[in-house]
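Here's a quick briefing to read with the structure open in front of you. Have a look around first, then work through the notes by topic.

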Number of protein chains: 4
Amino acid sequence: MSEITTVPFDDDKLKEECGIFGIFGHEDAATLTALGLHALQHRGQEASGIVSYDGENFLAHRALGLVDEIFNDPITIAKLKGDAAIGHNRYATTGGAGLRNVQPLYGDLSFGGFSVAHNGNLTNELTIREKLVERGSLFQSTTDTEVIIHLVALSKAATVVERLVDALKEIEGAYSLLAFSENQLIGVRDPNGFRPLALGRLGNSYILASETCAFDIIGAEFVRDIEPGEMVVITKEGIKSSRPLEPAQSRFCIFEYIYFARPDSDMNGKSVYEMRKRIGAMLAKESPCDVDLVVPVPDSGVPAALGFAEAANIPFELGIIRNHYVGRTFIEPTQSIRHLGVKMKHNANRALVNGKRIVLVDDSIVRGTTSRKIVEMMRAAGAKEVHMRISSPPSKYSCFYGIDTPSSNELLAHTHDLEAIAKYIGVDSLAYISIDGLYRAMGKNGRVANDPGYCDACFTGDYAVKLTDQVTYNCSGEKLDTRLHKVGGADD
Amino acid sequence: MSEITTVPFDDDKLKEECGIFGIFGHEDAATLTALGLHALQHRGQEASGIVSYDGENFLAHRALGLVDEIFNDPITIAKLKGDAAIGHNRYATTGGAGLRNVQPLYGDLSFGGFSVAHNGNLTNELTIREKLVERGSLFQSTTDTEVIIHLVALSKAATVVERLVDALKEIEGAYSLLAFSENQLIGVRDPNGFRPLALGRLGNSYILASETCAFDIIGAEFVRDIEPGEMVVITKEGIKSSRPLEPAQSRFCIFEYIYFARPDSDMNGKSVYEMRKRIGAMLAKESPCDVDLVVPVPDSGVPAALGFAEAANIPFELGIIRNHYVGRTFIEPTQSIRHLGVKMKHNANRALVNGKRIVLVDDSIVRGTTSRKIVEMMRAAGAKEVHMRISSPPSKYSCFYGIDTPSSNELLAHTHDLEAIAKYIGVDSLAYISIDGLYRAMGKNGRVANDPGYCDACFTGDYAVKLTDQVTYNCSGEKLDTRLHKVGGADD
Amino acid sequence: MSEITTVPFDDDKLKEECGIFGIFGHEDAATLTALGLHALQHRGQEASGIVSYDGENFLAHRALGLVDEIFNDPITIAKLKGDAAIGHNRYATTGGAGLRNVQPLYGDLSFGGFSVAHNGNLTNELTIREKLVERGSLFQSTTDTEVIIHLVALSKAATVVERLVDALKEIEGAYSLLAFSENQLIGVRDPNGFRPLALGRLGNSYILASETCAFDIIGAEFVRDIEPGEMVVITKEGIKSSRPLEPAQSRFCIFEYIYFARPDSDMNGKSVYEMRKRIGAMLAKESPCDVDLVVPVPDSGVPAALGFAEAANIPFELGIIRNHYVGRTFIEPTQSIRHLGVKMKHNANRALVNGKRIVLVDDSIVRGTTSRKIVEMMRAAGAKEVHMRISSPPSKYSCFYGIDTPSSNELLAHTHDLEAIAKYIGVDSLAYISIDGLYRAMGKNGRVANDPGYCDACFTGDYAVKLTDQVTYNCSGEKLDTRLHKVGGADD
Amino acid sequence: MSEITTVPFDDDKLKEECGIFGIFGHEDAATLTALGLHALQHRGQEASGIVSYDGENFLAHRALGLVDEIFNDPITIAKLKGDAAIGHNRYATTGGAGLRNVQPLYGDLSFGGFSVAHNGNLTNELTIREKLVERGSLFQSTTDTEVIIHLVALSKAATVVERLVDALKEIEGAYSLLAFSENQLIGVRDPNGFRPLALGRLGNSYILASETCAFDIIGAEFVRDIEPGEMVVITKEGIKSSRPLEPAQSRFCIFEYIYFARPDSDMNGKSVYEMRKRIGAMLAKESPCDVDLVVPVPDSGVPAALGFAEAANIPFELGIIRNHYVGRTFIEPTQSIRHLGVKMKHNANRALVNGKRIVLVDDSIVRGTTSRKIVEMMRAAGAKEVHMRISSPPSKYSCFYGIDTPSSNELLAHTHDLEAIAKYIGVDSLAYISIDGLYRAMGKNGRVANDPGYCDACFTGDYAVKLTDQVTYNCSGEKLDTRLHKVGGADD
C-alpha cells in the first residue's frame, strides 16, 4: 500500500490464479511452452515452471518470477529436452510456500514419472489432504494440486488414465488440468467447466492451453475448446476424447469475458474483445451519462469504453496516460514523498480533461483504492465533472473456483451500497451494469436463475459446487470442528 | 534481429537519446530525481545515473538498466544524500563504452565538484577532443559531454557560471544541459533550442526536466519552458535568468511532437496529445482512405489514429493487441522456431479484422521491418485490405542533434520512393503527411523555408547548425584528412 | 580434470558425505547450528540446510554452496526462529538431484512436522523405496534419507519415538541420525556405529554433532560420544538414553582417524591429531627412508609427517607451499595453457628441496593423479630423490557406508600392485602402513579378523553389514533381476 | 570487530597493498596474467584488473573481489584479447572510491592508449595533484597512480619512455611500476627499490611480477630481480635496461621477508622461507624459553616456528588448528553469541596442549587483538604456561611506502612498552627479535645506521624518502597551511 511500485498489473483487481500450456510431439516442446506461457503471463505473474520428457527422463525447471526472466537463459531451455512438455504460470496467493509450490508438480509413481499443471481450485482439498496424511502420505507442497498426484499414486487401477479418473472422482471444485506421463498428455476440464481450456494444433503436434492467444504467439491453429467434463488423451496415435465424469451444469466463469482473458482470445466461440465492447455498449444504454468525453481506465477498461463511446456517441479520448516502464517495486517513500501522491502508473492528460465533463469506464471495482486515486487525479487535472461506469455488476462475494479474491469484508460492494461507493470513490455519478444486462450483452435474454449458463458467484453468491472445506475449516485452513494438528511451514 | 526479444520499445523507431532531471532545495532530492527519471524513461532506456550534493560531498550512482532496476534499493537512494541532485537517462548508441559513459558525468575541479547531465549532441566534439588530448587532458569517457567539463576545467574565468559560459562558446550543436556545482544548479538550452527543457516548482524547490510529465509524477507544478539560448542559475537565493550566448533561429525538434515526447507532456504551450490528434486529422484530410476500421499501431500511433478516425468518421478499433509483459531478450530461437514467426509483442485481434478493410496509422517508418511484419500479421488474420497512413513526412536524413538514427542508407525512405516503400511494406496503399500539412497541423501556414520555426532536418536535410566533425571525420570518427591516432577502447 | 580449479579440497581424496549438527533449548539455535556446520564444513561442501522450530512452525533454509555463503545473510538466519534446530552439510554425489536432495529433509506427518538429518548410507534403500512407491508413497528426493521419513509416516505406533524405532528396524547400513519433531530432538547411531556422533552441552542446551570441533567453535563442552546402537531423546525434561535396536559388533570407520575428521576433534576418547602422529611414527618404523627432509603433502598429511619425522629423526620441512586463496573453478585453459602444467594449489619450495633427498608423507592414494603431479613438481624443483610413505593401507574397495568412493576399478590400489603404483606415481620408493601396523598405532595388537573393532572394508573388503541393494541392483541403481521402471529425474 | 567473519587473512596484520604482473609476447597473455595475479592474491584481496592490447584496441576488465571470482568467466577472459597484458591486485584502503580506483588505470593520450599498474605509495601525490587540478586536469580516481598518467600526458617529450621518465622525475616515494603502451611493456622500480619486481621468461615472452611465485604457477623461469632505479623496456625487439633516475640508497622493505611475501618466493637471491626459519632460529637464541612445545600461530608463523623449534630443540606441534573454509563475513552475532567467543578461524588442539607449557611463535603484533584471543584460547584448552616470541622487532611507526598500517596510536608497540604488551596479550613471557638480530639473521653484522640496506621505518622511524604530503597535509588529506577546497567524493 505504502510502497511506490511499478508492478504492471493493478493491485486492486481480482487475480486469475493460473495459466497452463502443454504440447505433445514437437521437437521444440520446451521453447514453445515458454512462449505459450509468455502469452499467458496475465494469468499468473509470480512463478512459472516447465516439465518436459525426453523419452527417458522427465526434466523440470521452476522458479519465482516472470516467464521471460525464468526462461531467458538458453542453457535452461536446452536442458528441458524432449518433444513433449507442460508449463504453468502461477499467481501465488499470500502465504504460498515458495518454490516447492511452483507447478507443474511432479512425482515418481510406480508406473513412472507423472506431472500435473492445474488451473482452478479444489473445494475439498483440505478434507482429502487430512485423510491422506493420516494414512501416511507425505506432502511436499501446500498446493491443492498435490492431492491429485497422491490420489493417482494410491489408485489401484491398471492404467494412468484410469488412475487419474479415480482421483478426479474424489475431488470437487474447479479444474482445467494437464497431466503428463511417459507417453501421453492428458487434458481435462471439471464437469462445470469453470475455467477455460482450448485445443490447438501446430503441424502434427497437439497443444492444450488456457487461452487461444497462446496459440497465436507461435502461429498454431485453434481447433476447439475442450468441453466441460471432457477428457482428451494425446499420444503418438493421436487424440482421444471421453467423458468419464458425471455431467453437470455449464458454469464457465463470466469474469473471463469481463477482465481476466486477453482481449485477443476466443472463448466458447466468442471474441473477448467483442464481448467487452458489447458490455460497454449495454452499459451506455442502461446508464447513460451527459458528458464531453469517455475516458477508459487503462488498460483493461479500453474495449468497454470504446463500446460505451460508440453507443453513447461521445468522443473516446485517452484522458489517462499509462507509463509503459513499469515492472517492480521501486522506492520506499519517505513521509514527505508519500504526501506528494506519486503517480507511477498513470498520469492525467491534463490539456485534454481540463474543464471537461468526463465519464471513466472501468471493468470492476474491488477495494476501490485505485478508482479513488484516479478520480482524484482527474479532478486535480481540472475535470469539471467525473462520472464512472463499471462493465460488471458489483463484486460482492469471494470466489472459491480459482480466482484470488480478498475476503468479502474487503470487497467495497460487499460492505457499501451504490451511493456509499460513489461517495467513497468521489464521483459525481456511478453505475454498474446490471446482472441481466450483462447476460443480455452476452447474447442471452437476461439471467436464468436455475441454470444461468455461467458462473457469476462473485456477483450473485450462487455457488454451483458445494464448499466442503468451507464447512469443515475456516478461511485460514483451521479446522472448525476439532483442532487440526499444526502443519509446519518448513520451506526454503 | 534473430532473437526473440521482449524489449518494450520498438527497435524500428528513432530513439531519443536522453532525458534529464534536476532539483534544487528539497530534502528528498535523490528520490524525486529517481521518480522524475522514471517518468522520462521513454527518453533513454539503457542506463541511468544520479549525482547529489549533501553540503560536503558529491554522491553518485550510475548503472546500466532501467531506472526502477537501478534505484529500487533503499540503500542506494539513502546514500544519495543532500537537497540537490541531477539525473540522466541514457540511450546508449552502439559501441558505447559501458559504465564510464553513464551520465551525469562528474569531475573534481579546482573550485570543487562539478557535474553535468546533457541531452543533445555536439557537432564539433571530436574536433575539440583532439585538441584537448593534444595538450594533455585525460578523458575518462567517450561521450561528447565530457569535453564540456574539460573546457570548464581549463577556463580561467572567476566563477563557475562564467567558466561554463566560456565552455559553451566553444561548442556547437544541440544541448539542453544541467550543470551542478556546490551551491547552484544551472540549466541551459542551446541558442536554437533543439531539445526541450522545462522549469517546474515543488513547494520552495525548483526543478528542471526534459518534459512536463516528470513534474506530474511528483505533483510538481509546471512553471514555463526554458527558452532557446537561455541560462537559469538556481541557488538558495532563487532563480536568475540570462542569455549569455549569441541568439539564433528557433529550431525545436518537431519530431518530439510526432513521437519522442510523452503524449501527456506540454511543450511550448502545446499539448503533445492534441498535436498528434491534429496531425492525424490533417493526414485523414490529405490522404483519405475508404475502409471499415482505423487501427492504430500500438502504442505510439494511438493519438494520431484517434484524430484520423474522428476526421474520417470511421470506427477506431484495437485491431492489434500488445502484450504488456515485455522486458528483455527472451529466447534464442532454433531455426524451426524462427520459421513460426513468433509474435512476442503484438497479436492480431483476429475476430475483429477478419474480412475487414483496415487502415493502419503509425507515426513513422524507419527501416520498415516492423511495419512489414504487422501488415503480414493483419493479412494472416484475414484483413481484406490493409492500408497505411504515417503521421510524419518520410524520414530521409540522419539526425546529428541528439536522436539516434541509422545511417541514411538504412533509412527506407532515403533509398526507396513511395511506391517502392508501399511494395516493401506490403500495403494496398501508403501515404505520409506532407511537410506543409505537418506545419499546418502545428498551427502554421505551411513550412517557411528560411525560418521554419522547427528543426525538421530528418525530413528536409536542412541542418541549422554546421556539422564540423562531419567535415573533418567520417561517421566512424576516423579523421578524414590525416590518420587519427588509434584511440584505445579500454573499458570495464 | 582439464579445468584449472581452485576448489580447496583435493579431488583425489575419498569424500566424507555428511556432517550433522542439532541443538535443543537455546534461543540462538539457528545461528549456533550455522556455526557448527561451518566447523563441520570438511564433511560436506556442496550444500547445507537448517530446519528450526519456533513453537508453532518449522522453518527451513537449504541451498547449494558453502555454509558461509548460504547463511551469511542476517535475514536468512532471522527467519529460522526458535530454540531448537538441526543442520546438515552435504557432499553431493554425482547425479544428485539438486536442491530437493539437500537435507535436513522435512515432512508434515499426521502428528505434525518431522525433520531428519542423516550421515551415512543405507544399504537396502532402493529395495525399500521400490516397495513404498508400489504402495503409493510419493518421493520428493532421491536421497536414501527420505525412506526413513516415509517409514515413520506409515508406522501405526503411538509416539514419534516408537514410529522412528519401527522405521529403523527396517533399514540396514550406516547412519548417525538426527530426528526432530515438535518437542524433541532425537539422536541415534546404527548398531555398528559406523559414523560418529557426539553429545555436547552449552549452558542448559544439549547439542549433537558429528565431531567435537563443532562444540569448540561455539564454546560448548564435549560430554561424551553417543554409543553404537544408542538412541538419545532430548526434550525440555532433559535427555533419555535407550538401546532399541539389536546389538552388533562395533565397527567405527577407521578412516575418520586417518583423513576424514578434523585433527582437533576427539573420537572415542582418542585425539585425531595424536592418532595421526602415531600412525606416522609407526609408518617410519615399518618403512624407514634414508633422506634429508620429511615433506608433508599439505594439508592433511601434516600430522602423520610430523610423527614420521620425529620417529625417524629427520628434519620436517614445508617443501610444498599451498595457495590459501582457493575456492572455485577458475579458468578454462587453452591447449597451450594446459601444456604449462599450471600449479593452482601447490608450489614447490624450490630453494629448500633443490638437491635434497626427500620423503613425501601423505594419508592416502585414491586415483594417484595428484600424487603423480606432486612428485613431478618435486623433481622439477631439483629434488635428488623422491620417496613416498602413506599413512593408510592401500585403498582397494568401495565404501557403502557413507563415504564417496570411486568405483573399485578407478582405485589405483585395486588395479595395481605396489611396484606398479610406485612406477605410476614416479617415486624412488613407496610404502603404505600395514593393516596390522595401523591397528597397533591405534593401540591394539594388530587386527583381529573376526572382530576387528573398526570398519576397514575399504582396505580389507570385510563388509560388516550385508549389501542388500548390491545384490538386487547394480551400482547405477538398475535392478538386476527384472527391469526397473525408469524413474524420472525431474528437478529444478 | 564485532562480526563473525571468515575472511582468510588476519585483520590484525599489516597489509601489502598491491601485486602486479605483466607479460609481453604470449598469445594467452590475459589468462597467464589472471593466473599470475592469483599467485599474488596475498598482496591484495579487494579488487583486481587486467588491461590487454590486441594490436588495435586496449581491452580492460576490473572488478571488486578475488581474482578467481573476477576472472572465472571464460567470456571475460576471451574479451581480453592480445599478446600483451598487465594486471593488478589491490588492497583497498578505507575510503577508497570503489571501482574507479581499481587498477590498472588507463588513459587515451595523444600518442595512443597508456595503462599503468603500480605497487607502492607516492609521498608527494597530493601536492602534485593539487597543482594539476589547478591547471585544469580532470581526475577520474583518487589513487596516487593517476598523477603519473597525467604527468605523462602533459610531458612534451618525444617518446613514451621519455615522457614516463619526465613523470617519474616529479614523483617521490615507493613504486614498482608497470607501464604499457601500444608496442611496449615498461617496468621500473624507484631508486630506493622499496617494493619488489622480478623478471621472468616463458618461452619467448618476458614477464614482470611482484614475486617469483607468480612465475612458478605458470611454469615460467625466474631470470633476475629488476634493480632499484632500473627501467626495462620490453618490445618485440627484446628487452633494454636503463637507469634514468638519480641513484639512492638501497632500501628494500625488510618486512617482505618477515610476513608479506609468499614463503616460496625468492627475493634478491634469498629464499623467503629460509630467511623466516633463520629469523626464528635467531629469535630462539636471543630469547630462549623453557617449554614443552613450540606452537606456530597459523599460517604465517609456521616457518619461524620451525626455525625456533630446531634451534631450541623443542618439539614443533600444531597446537592451533586453522579452519580451511574461510572466505567472507558470515554471521551478525547477537549479544549472547558474541559472549561465546566464537572461534571461526582457529581452534585449540586441546588434547595436545592440555597441561603443557607452550611458546607461540608469530611474525608480528599490530593491534594485539588476535594475539590476545589466541592466548586466551590456549589457556582455555589447558595450557599450563603460554609464552610468545615474535619474529620481528616491535611495529611502532606507520609505513608511507605502500603498506597499509593503522595510524601509529593504534599500534600496540607505539603506545605500550614490552611489559605492558605482555600483560595486554596475557602471556607469561614475551620477546621480539632485536633489530640487530633481524639484520644478523639476514646475513649482516647487525644494522648499520647510515646505510642499513633495507627499509625498516616501521620499526625504527628512519624514513628514507621525505614525506612531502605529510608536511603539507594531515593524515586525512586536509591541507595544513591553507584550507584545501572540498574535493567531492562522487562515485558509483
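In this predicted model, A:Ile50 sits across from A:Gly87, a residue of strand S6 in chain A. The contact is part of the pairing between strand S4 (residues 47-53) of chain A and S6(A), an antiparallel match with 7 bridges. The notes below start with that strand, then go on to the chain interfaces and a few backbone details.

**Strand S6 of chain A and its partners**

- S6(A) also pairs with strand S3 (residues 18-24) of chain A, again antiparallel and over 7 bridges.
- On the S3 pairing, you'll find A:Ile20 opposite A:His88 of S6(A).
- Is S6(A) buried or exposed? Strand S6 covers residues 84-90 of chain A, and 7 of the 7 are buried, so the strand is largely enclosed by the rest of the structure.
- Both faces of the strand follow that pattern: A:Ala84, A:Ile86, A:His88 and A:Arg90 point one way, A:Ala85, A:Gly87 and A:Asn89 point the other, and all of them are buried.

**Where chain B meets chain A**

- The contact involves 69 residues of chain B and 68 residues of chain A.
- If you want a size for this interface, the area buried between chain B and chain A comes to about 5,300 Å², with carbon and sulfur atoms giving 61% of that.
- How many salt bridges cross between chain B and chain A? The rule finds 4.
- One salt bridge links the side chains of A:Glu317 and B:Lys277, at 2.3 Å from N to O.
- Polar contacts between chain B and chain A come to 12 residue pairs, counting pairs with both residues at pLDDT 80 or more.
- On the side of chain B that touches chain A, helix H1 (residues 29-39) of chain B gives the most, with 6 residues.
- That side of chain B breaks down into 33 nonpolar, 19 polar and 17 charged residues.

**Where chain C meets chain D**

- Here 69 residues of chain C touch 68 residues of chain D.
- About 5,300 Å² is buried between chain C and chain D, and carbon and sulfur atoms supply 61% of it.
- The rule picks out 4 salt bridges across the interface of chain C and chain D.
- D:Arg350 and C:Asp216 meet through their side chains in a salt bridge, at 3.7 Å from N to O.
- There are 12 residue pairs in polar contact between chain C and chain D, with both residues at pLDDT 80 or more.
- Helix H1 (residues 29-39) of chain C makes up the largest share of the side of chain C that touches chain D, at 6 residues.
- By class, that side of chain C has 33 nonpolar, 19 polar and 17 charged residues.

**Backbone details to check in the loops**

- The peptide bond from A:Gln103 to A:Pro104 is cis, with omega near -5°; A:Pro104 is in the loop between S6 and strand S7 (105-109) of chain A.
- Another cis peptide bond joins D:Pro298 to D:Asp299, with omega about -10°. Look for D:Asp299 in the loop between strand S19 (293-296) and helix H10 (302-312) of chain D.
- B:Asn313 isn't a glycine, yet its phi is positive, near 55°. This asparagine lies in the loop between helix H10 (302-312) and strand S20 (320-322) of chain B, and B:Asn313 is exposed, with a relative accessible area of 70%.
- D:Asn268 is a non-glycine residue with a positive phi of about 55°. You'll find D:Asn268 in the loop between strand S17 (266-267) and strand S18 (270-271) of chain D, where it is partly exposed at 36% relative accessible area.

Definitions and conventions
Residues are numbered from 1 along each chain as its sequence is written. Chains are lettered from A and ligands numbered from 1 in the order in which they are written. Side-chain values use heavy atoms; hydrogens and water are left out. Buried means under 20% relative accessible area, exposed over 50%, partly exposed in between (1.4 Å probe, protein chains only). Helices (H or I, at least four residues) and strands (E, at least two) are DSSP runs, numbered from the N terminus. Two strands pair if DSSP finds at least two bridges between them. Contact means heavy atoms within 4.5 Å. Buried area is the accessible area (1.4 Å probe) that two parts lose on being put together, summed over both. A polar contact is a pair of N or O atoms within 3.5 Å; within protein, one must be able to donate a hydrogen and the other to accept it, and residues adjacent in sequence count only if both atoms are side-chain atoms. Ala, Val, Leu, Ile, Met, Phe, Trp, Tyr, Cys and Pro count as nonpolar, Asp, Glu, Lys and Arg as charged, and the others, Gly among them, as polar.
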